[in-house]
Protein chains: 2
Amino acid sequence: MKIAGLSGATGVSVATLKYYLRESLLHPGAATAVNQADYDDSHVRRVRLIRALVELGGLSLADVGTVLAAVDDDTLPVHDAFGVAQDAMVPHRRPAADSSTEADAELHDRAMAEVDRFVRRHGLDVRPDAAVRTMLADALAALSRFGWAEPGQLAGAEVFDGLVAPAMAEAEFSIDLVPEPADRGEQLEYTVVGTVVFEVANAAVRRMALEHHSHRRFARTRRR
Amino acid sequence: MKIAGLSGATGVSVATLKYYLRESLLHPGAATAVNQADYDDSHVRRVRLIRALVELGGLSLADVGTVLAAVDDDTLPVHDAFGVAQDAMVPHRRPAADSSTEADAELHDRAMAEVDRFVRRHGLDVRPDAAVRTMLADALAALSRFGWAEPGQLAGAEVFDGLVAPAMAEAEFSIDLVPEPADRGEQLEYTVVGTVVFEVANAAVRRMALEHHSHRRFARTRRR
DNA sequence: AAGTATGGAGAGTGAAACTCTCCATAACGG
DNA sequence: CCGTTATGGAGAGTTTCACTCTCCATACTT
């Protein structure tokens, strides 16, 4: 399969594929001549993975690169690669916080401590430096800034307690979907895709539920 | 409070605030002279809302503008404004699908039909044209492309069944957090912030759970 | 009175993700 | 077998976004 075929199979333009090759997000095809190469199923799969991460997950190509590097690095144990991928998939906040208030920085620190407590309280096995902790801390800080707690106070992480049980159930379910006898790359691909896809699906269903209840709560007149 | 004060209170630079004013994401302050205006708490709140939407929710400023317009339009009933805001908060996919495959387009159509069935089956009160349907359809289509179903087949939306009950419970809970006697703007602000913040929190907790279970499943050696 | 800050508006910046243009070489169609 | 189209590779250009910078006439501050 030549590049036009790969483009046809994935719906991604040739120019973009060339760009991905240059950025080495995509392995070069098997060269058959100086200006000819052969692409196969693994390339199709890889392109789909990239697109899923970018379009569904909203990752930057740089982060996609990090995820793929972890997936491709055979020396990295599956669980570690999973950690790297997870961290790369967490949307990053303020790379430099020079403009933010001092009070804000302190709020964030306290939020991190609150998250630590949360993790311990629920007995979660999460790396101390996992990016996802920051993610939860950011949510907590934002909540606090909007009066979900006394002014200047931090909202307690207990507001998130109710999220744990369903998340655990769902995580166990999705992890078990990963085919056991599959090879390393396939396992990781499954977990990566699963993380992103189920996150979007979960968000979508949550919003549907929100609309459902908002209707019951706020609708003055019945829907037309 | 002058613009420097607003900047200090929010951690957003003066230049950026001016930019927000120009883009009319922020109402002008009360003018006290030709080059002097007074900003108050409503401005602080608004800036925080913008930042929460942008940083936490990952919305573009254009989408933030749409959300704010719905929040500010007093002629719009609360529930309708909620719908507009929800739609603006859904990440958009491919504005023009000229490059995508025909098979892809068909897959997407079938996914939409599948989502319709899903919504009906669960008795969800969701607008027929709600953007969130597309969101779920995209997730379903992505799942199908990665072999969660027979090749070329669409994964059934039943894979998402398990998400409904927790989402409904959580939605009811968050909707009830909205203060009843509050005014329209405040109600909307709460629901908007709640949507974004709880979405992030939920995603974070899901990932923690995923890491927890991935450890149990994939770890060869115990954590150091 | 000197110095800094303000509102307003235009122009400029930097990152991200493509997209376009070239070129020497290959493949394909008649 | 020869003109047309496609290919791999690489540099340059484009678009969008979210700022950020520069000016300026005025106003506040000390």
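Visitor: Is A:Ser24 buried or exposed?

Guide: In this predicted model, A:Ser24 counts as exposed, because it has 11 C-beta neighbours inside 10 Å. The cut-off for an exposed residue is 12 or fewer.

Visitor: Where does A:Ser24 lie?

Guide: A:Ser24 is found in the loop between H2 and S1 of chain A. Its phi is positive, about 45°, although A:Ser24 is not a glycine. Most residues other than glycine have a negative phi.

Visitor: And what is the phi of B:Ser24?

Guide: B:Ser24 also has a positive phi of about 45° and is not a glycine. B:Ser24 sits in the loop between H2 and strand S1 (30-33) of chain B. With 11 C-beta neighbours inside 10 Å, B:Ser24 counts as exposed.

Visitor: What turn lays chain A on chain B?

Guide: A turn of 180°, with a shift of 0.0 Å along the axis, lays chain A on chain B with an RMSD of 0.1 Å. That is the relation of a two-fold axis.

Visitor: Which residue of chain A comes closest to the rotation axis?

Guide: That residue is A:Pro166, whose C-alpha is at 3.1 Å from the rotation axis. The same surface serves both copies, as 100% of the contact residues of chain A recur in chain B.

Visitor: How many residues does the contact take from each chain?

Guide: The contact takes 72 residues from chain A and 72 residues from chain B. On the side of chain A that touches chain B, the elements giving two or more residues include helix H3 (41-56), helix H5 (78-89) and helix H8 (161-177). H9(A) gives the most to that side, with 23 residues. By class, the side of chain A that touches chain B has 39 nonpolar, 18 polar and 15 charged residues.

Visitor: Turning to H8 of chain B, which of its residues are buried?

Guide: The buried residues of H8(B) are B:Leu163, B:Pro166, B:Ala167, B:Ala171, B:Ser174 and B:Ile175. They pack against H8 and H9 of chain A, together with helix H9 (184-218) of chain B.

Visitor: What span should that helix have?

Guide: At 1.5 Å a residue, the 17 residues of helix H8 (residues 161-177) of chain B should span 24 Å. The end C-alpha atoms of this helix are 26 Å apart, which agrees.

Visitor: Now the DNA. Which residues are closest to strand D?

Guide: DNA strand D is surrounded by 23 residues, and the closest are A:Ile3, A:Ala4, A:Asn35, B:Tyr19 and B:Ser60. Among the elements that give two or more residues to this surface are helix H1 (3-10) of chain A and helix H4 (61-72) of chain B. By class, the surface near DNA strand D has 13 nonpolar, eight polar and two charged residues.

Visitor: And which come nearest to strand C?

Guide: Of the 24 residues around DNA strand C, the nearest are A:Ser60, A:Leu61, B:Ile3, B:Ala4 and B:Asn35. The elements giving two or more residues to this surface include strand S1 (30-33) of chain A and helix H1 (3-10) of chain B. Here the classes are 13 nonpolar, nine polar and two charged residues.

Visitor: Back to H1 of chain A: which residues are buried there?

Guide: A:Leu6, A:Ser7 and A:Thr10 are buried in H1(A). They cover an arc of only 100° around the axis, which puts them on the same side of H1(A). What covers the buried residues of H1(A) includes H2 and H3 of chain A.

Visitor: What follows H1(A)?

Guide: H1(A) is followed by A:Gly11, which has a positive phi near 75°.

Key:
Residues numbered from 1 in each chain as written. Chains lettered and ligands numbered in written order. Predicted model: local features only at pLDDT ≥ 70, side-chain atom pairs only at ≥ 80, totals over all residues. Near = placed C-beta within 6 Å. Helix = DSSP H or I, 4+ residues; strand = E, 2+ residues; numbered from the N terminus. Nonpolar A, V, L, I, M, F, W, Y, C, P; charged D, E, K, R; others polar. Contact = placed C-beta atoms within 7 Å. Buried ≥ 20, exposed ≤ 12 C-beta atoms within 10 Å, placed from the backbone. Arc of directions from axis to C-beta. Least-squares fit on C-alpha atoms with pLDDT ≥ 70 in both. Expected span 1.5 Å × (residues − 1).
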